[in-house]
Amino acid sequence: MATPSPPQRQQEEKQSVSLSKKKNQKRKRTKHDPELERLDSLPWNSSLPNEEEDDTFSLFIGSGELDGGFLSLEEIDESDYGLDVPGAKKKISNKNSKLKKQKLEEVTEGSCEDAEAEPEPAEGMAEEKNVKAKKKKKNSKKKKAKAVQQEDESATVIDSKDDEKEQMLYEDEAEAYAEFYAWNELRLHPLLMKSISRLGFKEPTPIQRTCIPAAAHQGKDVIGAAETGSGKTLAFGLPIFQRLLEEREKAANMLEEKGEEAGKYAPKGVLRALLITPTRELTLQVTDHLKEFAKDINVRVVPIVGGMSAEKQERLLKTRPEVIVGTPGRLWELMSGGEKHLVELHSLSFFVLDEADRMVEAGHFRELQSIIEMLPMTSGTTDGQSQNTQNCVTVSSLSRKKRQTFVFSATLALSADFRKKLKRGSLKSKQSTDGLNSIEILSERAGMKPNAAIVDLTNASILAKNLEESFIECREEDKDVYLYYILSIHGEGRTIVFCTSIAALRHISSILRILGVNVSTLHAQMQQRARLKAIDRFRANEHGILVATDVAARGLDIPGVRTVVHYQLPHSAEVYVHRSGRTARASSDGCSIALISPNDSAKFASLCKSFAKESIKHFPLESSYMPEVMKRLSLARQIDKISRKDSQERANKSWLERSAESLELVVENYDSEEERVKNFKQKKASSNHLKKLQQELNGLLSRPLRPKTFSHRYPTAAGVTHLIQHQFEELAKQNGDDNLVLGENKRRKMVVIGQDCVEPLQALRSAGHEVHMDVKERVEKRRNAESLRRKRKEEKKRLRDQRRKQKKQSQGRE
Ligand SMILES: Nc1ncnc2c1ncn2[C@@H]1O[C@H](COP(=O)(O)OP(=O)(O)OP(=O)(O)O)[C@@H](O)[C@H]1O
């Protein structure tokens, strides 16, 4: 969203000044601070209907009392939320001076009273006594006045010291708040601002800046699309919390005015927001992210996912959370089973579909449709139902607001006339369940209004702007070699390696483990607990490696992922975007490396074309490392093959034994003595061979990977740190000097060992070179190669047949 224009801002400031008049009267500051004034002048009448909007949003249908529903700045005191907004401190200091003044007055009055209370003296002595008394009175008055003056002076000294301290604090805080001023235009509740400052989010991301005003202040439905890692969770999360807070405050204020107990009427214990995400991991991640905010505002956010134990689920639902984040399968299972908290949806104010397209893709359309069918109509009132609800007498009035629907994704394509279709309601009648239309249908059925804000911040390439893409061309069977190269030479930071098949994942994770690379794995066939453990392990290691299938492609938000390797290309461009989006998240950068075999070439070129990329960088490789990398890989593959064979045999044997046992059969060994001896010898030989291979590999692994030779002709910066570069120069200089001294012509060999790791991104930036991606050319090449292969095959077949024919003929003659 664009920042307000100066006249608009002036008007807003004027408005807020008048609104916060009462507060400003109390806050007399000693020093004029424009920054603080700006903070105080935050307009808070956010919900006032915008006259320019044709479809204005009224929050409370029915009782006009709560129309608008948002609070003015006057109604919210930051100090009530532990937000020590500097101005508040001045109040205390003013209070102190008032107390002092009062004390002084009391003392002065008290001295007069004392004098008046003295008994009346006799006539004769009276005059003298009177004079004495007057003197005494004068003295005591003087003394007391002096004491008060002293007290006052010391109080003033303390006070001025306090003032100084307060002033310093005030300035510090102003400075601290100044860091978060970019959020002001979003007019968020002070408690949310407190969480934002705690998390250190200096400014809203573009999707947040655009969606929050529409969703939180104009009450609109939102369809949001922005690059991966762009902060979409808060783009829908903050408007939810904002509205819950505003309602809570508004209800409390209204009921306090009526002299009733506010707490009794707070709409607690009913479901207010239902968020659906495609995977368990994403659900847990979104829950954790939202909880960071929820804990400051006392809102319960609970995850509901498959794989969670029934007891835990029951325990969580018993707390009657206001916000539930869940996966479609488990949510529908519970809803269709009549789970009380999940079917009492009369107060539901938010329905969110996160990564909507993925849910449809993953075959959750029907479950989503069923869940949506259970939601109450957005336009109707729900009095009847809500009156019955315990502990929320006023929920009926509060929940009469329209429900808001948010649909978010990183890649969300809508048909050009989607808004028109919404207006016409023509989507309702369609029964189509195919990908793209399904999202439109779901959005419409969930009650998406025609005036929904459609925020599409995806650029032509959809990929994160801080992402550097690259590729390595290699043979299919050498992919593991290059993967090992990347991980060992450029192993800095977290890396995610994506595979399309579980078989490939198993193969490379096994090879890497044999090579001593500590990897975590994540795929859909793993148990939920194991999946979460793998993510935790990966998260805990600064240089962790996660080998995953596309189950981890979407939404997984792990900071510090520096590199994404596409070991196998995904089936669609969208999945490629999501995979690559695990790095270069928020404001950080990162790189992706695709391993491209000749078979992948055309697919990769068309992938680049779909992102409007004409060229892409070749990932720089230092070929001198390859011989040793190859050697290690060859040993690892042999070890893997033998171990696999052994474990397969063991598994088969135990399966046979288990099956026989279950059938109460005795398995007899019919092998002859000779065969048994032969088997034994074979096993022994294989185990000795395995030991030997392992020893050899261990020998190689015990020393750092080193290049075969150092080429003086091609010193490259790729993978070479400044330190190493410096060492090279020093060595070269020394070498030259020695040669001069010794007068030798013979070159001395330089061997680089213990190469410091550099990040792939660094290597790519310093030595990657652009390669033009011509789809046509690549497709043509592939076609030619295929036709050549076909021709060769046909030729072979023809020759074979010919030989056979000749053979038959000659046999016939004989
Ligand atoms: N305003 C902000 N400033 C800095 N960091 C932020 C901000 N908002 C969110 N983040 C952080 O950015 C990261 C990515 O946010 P989030 O997971 O919401 O992205 P996303 O757009 O949903 O990504 P994806 O499409 O991959 O699911 C999170 O770690 C989050 O804490």
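This passage describes the surroundings of the ligand and two helix pairs in a predicted model. Local features were taken at pLDDT of at least 70 and side-chain atom pairs only at pLDDT 80 or more, whereas totals for chains, interfaces and linings use all residues. Residues are numbered from 1 along each chain as its sequence is written, and side-chain values use heavy atoms, with hydrogens and water left out.

The ligand is surrounded by 21 residues (each with a heavy atom within 4 Å of it), and the closest are G229, K232, T233, D557 and R585. Among the polar contacts (pairs of N or O atoms within 3.5 Å), an oxygen atom of the ligand lies 2.7 Å from a side-chain N or O atom of K232, while the corresponding distances are 3.4 Å for H289 and 3.5 Å for E355.

Helix α10 (residues 280–297) and helix α22 (residues 528–540) have axes that come within 10 Å and cross at roughly 55° (axes are lines fitted to C-alpha atoms over the stretch in contact, with angles running from 0 to 180 degrees between N-to-C directions). The two helices are therefore oblique to each other (neither under 35, over 145, nor 65 to 115 degrees). Their contact (heavy atoms within 4.5 Å) is made by R280, E281 and L284 of α10 and by Q528, R531, L532 and I535 of α22.

Helix α20 (residues 479–489) packs against helix α21 (residues 502–514) at an angle of about 50°, with the axes 11 Å apart, and α20 and α21 are therefore oblique as well. Here D480, L483, Y484 and L487 of α20 meet H507, I508 and L512 of α21.

Technical notes
Helices (H or I, at least four residues) and strands (E, at least two) are DSSP runs, numbered from the N terminus. A polar contact is a pair of N or O atoms within 3.5 Å; within protein, one must be able to donate a hydrogen and the other to accept it, and residues adjacent in sequence count only if both atoms are side-chain atoms.
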